[in-house]
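Reader: I should be grateful for a close look at one part of this model, namely the annotated binding site and the charged side chains around it. Please treat the matter as one connected account.

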Amino acid sequence: MKEILSSDFKVGILGGGQLGKMLGLAAANWHLPLYFLDDSRNFPAGGVAEEFVEGNFNNYEDVLAFGADKDVLSIEIEHVNTRALETLQAKGVTVHPHPEALDLIKDKGLQKLFYQEHGLPSAPFELFEDENAVRHAVQTGKWQYPFVQKSRTAGYDGKGVAIIRNESDLQHKLLPGSCLLEARVDIQKELAVIVARNADGEIAAFPVVEMDFNPEANLVEFLICPARIDAAIEKAAIELSKRCIETFGICGLLAVELFLTPDQQILINEVAPRPHNSGHHTIDSCYTSQFEQHLRGILNLPLGSTAMKCPSVMVNLLGAEGFSGPTRYFGLEDCLALPGVKLHFYGKSTTKPFRKMGHATVLAENIDEAVRIAKLVQQKLSIQA
């Protein structure tokens with residue numbers, strides 16, 4: 001019999017942002033204390049942490065010291081010091097996701113090569129040393145407009161991605177440094193699947209969601225569950241996502257972002273080995289939240305039911321354009337008066353344009369009604385300084 005809910009069992013999380021906070025809230029239901037490492041205890045997870053260690057999760061010594069007395073280590077952001085995780089793993093600390101997978105995933109070039117090697121479908125691509133090599137490829141006719149450029153490392157929430165449509169974009173929008181180019185795929189829908197795995201090899205996937213992006217911020221604006229796709233596409237997306245997590249050998253969560261093309265092909269865009277924005281609705285709309293599921297996965301517990309209680313739409317609550325400074329919420333009462341609205345604020349003390357400050361999940365009997373109310377939330381709630 002496993003004994004994990006003991007007073008001396010320690011689970012550490014690298015990163016103390018909103019994902020860490022929601023992991024902490026899920027763990028609290030089991031009275032399972034979580035320990036966090038990040039720059040400041042004023043970050044969102046600071047309010048729910050058993051202990052918050054101020055330090056740098058990219059620093060070898062900081063991660064090594066933090067993880068030394070932990071039974072299990074996990075992450076809420078993939079850009080961490082994996083060399084320290086390898087050392088801790090060799091000393092007997094359980095690390096999920098394992099450092100080898102993290103090194104593959106946090107480098108988008110290696111991630112794409114992994115898909116190619118293992119026959120996992122994704123858009124055609126080529127790796128480049130820097131932006132000058134990209135310009136040369138375009139000037140010599142090897143690459144034609146339009147195409148997508150992605151920085152190999154440190155990209156997230158729309159950062160590190162540029163769509164190059166013409167000569168002007170090539171001169172002014174090209175990202176510096178090591179990168180990859182992808183062919184611009186004709187996309188019918190952008191989908192995502194949150195899939196989980198434990199060390200016993202059990203795998204479970206949440207229902208496929210449909211993502212609607214803010215074109216200016218390149219962030220998910222609305223997330224619709226279930227996705228408005230036919231049953232065959234849903235089955236194929238889930239099977240591909242399960243194959244993906246099994247091939248990586250990851251325990252915990254893997255968020256798999258997918259492109260659905262007009263000819264019904266499903267392509268992997270990219271993955272994240274942790275809780276993800278595309279799974280936030282599960283807190284309110286599914287029998288098991290993605291955060292509880294991640295804990296189940298990294299602790300090798302039976303995975304929870306991923307069944308949906310009801311249709312839902314999630315809307316990201318972003319800092320208002322033109323405002324930077326101490327956070328103030330406007331329109332809260334109007335939103336709480338709407339049926340089926342569940343508000344989640346992350347506790348970030350400073351707002352700035354398009355910063356993720358929270359999310360709202362709208363529960364309804366059907367998607368059309370949930371979308372209608374979600375748009376009202378977006379109109380009524382404003383996060384300003």
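Author: In this predicted model, the C-alpha centres of domain 2 and domain 3 lie 28 Å apart. The chain as a whole is divided into domain 1 (11-95), domain 2 (124-183) and domain 3 (189-384).

The binding site comes from an unreviewed UniProt entry, whose "binding site" annotation covers Lys108, Lys150, Glu182, Ala183, Arg184, Val185, Glu190, Asn269 and Glu270. Of these residues, Lys108, Lys150, Glu182, Asn269 and Glu270 are included in the lining of the largest cavity.

The charged residues deserve attention next. Lys108, Lys112, Lys150, Glu182 and Glu270 are linked in a network of salt bridges, and a search of the whole structure finds 16 salt bridges. Within the network, the side chains of Glu182 and Lys112 meet at 2.8 Å, N to O. This pair links distant parts of the chain, with Glu182 in strand β9 and Lys112 in helix α5 (residues 108-118), 70 residues apart. Glu182 also forms a salt bridge with Lys150, at 3.5 Å, N to O. Lys150 belongs to strand β7 (residues 147-151) and Glu182 to strand β9, so this second pair ties together parts that are 32 residues apart in sequence.

How accessible are these partners? Glu182 has a relative accessible area of 3% and is therefore buried, since the cut-off for that class is under 20%. Lys112 counts as buried at 2% relative accessibility, and Lys150 is likewise buried, with a relative accessible area of 5%.

After strand β9 (179-183) comes a loop that leads to strand β10 (189-197), and Val185 is placed in this loop. Val185 has a relative accessible area of 18%, so this residue also falls under the 20% cut-off and is buried. Leaving aside residues up to four places away in sequence, Val185 touches Ala123, Thr261 and Leu267.

Strand β10 holds Glu190, another annotated residue. With residues up to four places away in sequence again left out, Glu190 touches Val209, Glu210, Met211, Phe213, Leu258 and Phe259. One of these contacts, Glu210, takes part in a further salt bridge: the side chains of Lys189 and Glu210 meet at 3.0 Å, N to O. Lys189 lies in strand β10 and Glu210 in strand β12 (residues 209-214), so the bridge ties together parts that are 21 residues apart in sequence. Both Lys189 and Glu210 are buried.

Technical notes:
Residues numbered from 1 in each chain as written. Predicted model: local features only at pLDDT ≥ 70, side-chain atom pairs only at ≥ 80, totals over all residues. Heavy atoms only, no water. Domains from an automatic or database assignment. UniProt positions renumbered as here; feature names shortened; annotations may be inferred. 1 Å grid on protein atoms, 1.4 Å probe; cavity = no way out; pocket = protein on both sides within 12 Å on 5 of 7 lines; lining within 4 Å. Helix = DSSP H or I, 4+ residues; strand = E, 2+ residues; numbered from the N terminus. Buried < 20%, exposed > 50% of the residue type's maximum accessible area, 1.4 Å probe, protein only. Contact = heavy atoms within 4.5 Å. Salt bridge = Lys/Arg side-chain N within 4 Å of Asp/Glu carboxyl O.
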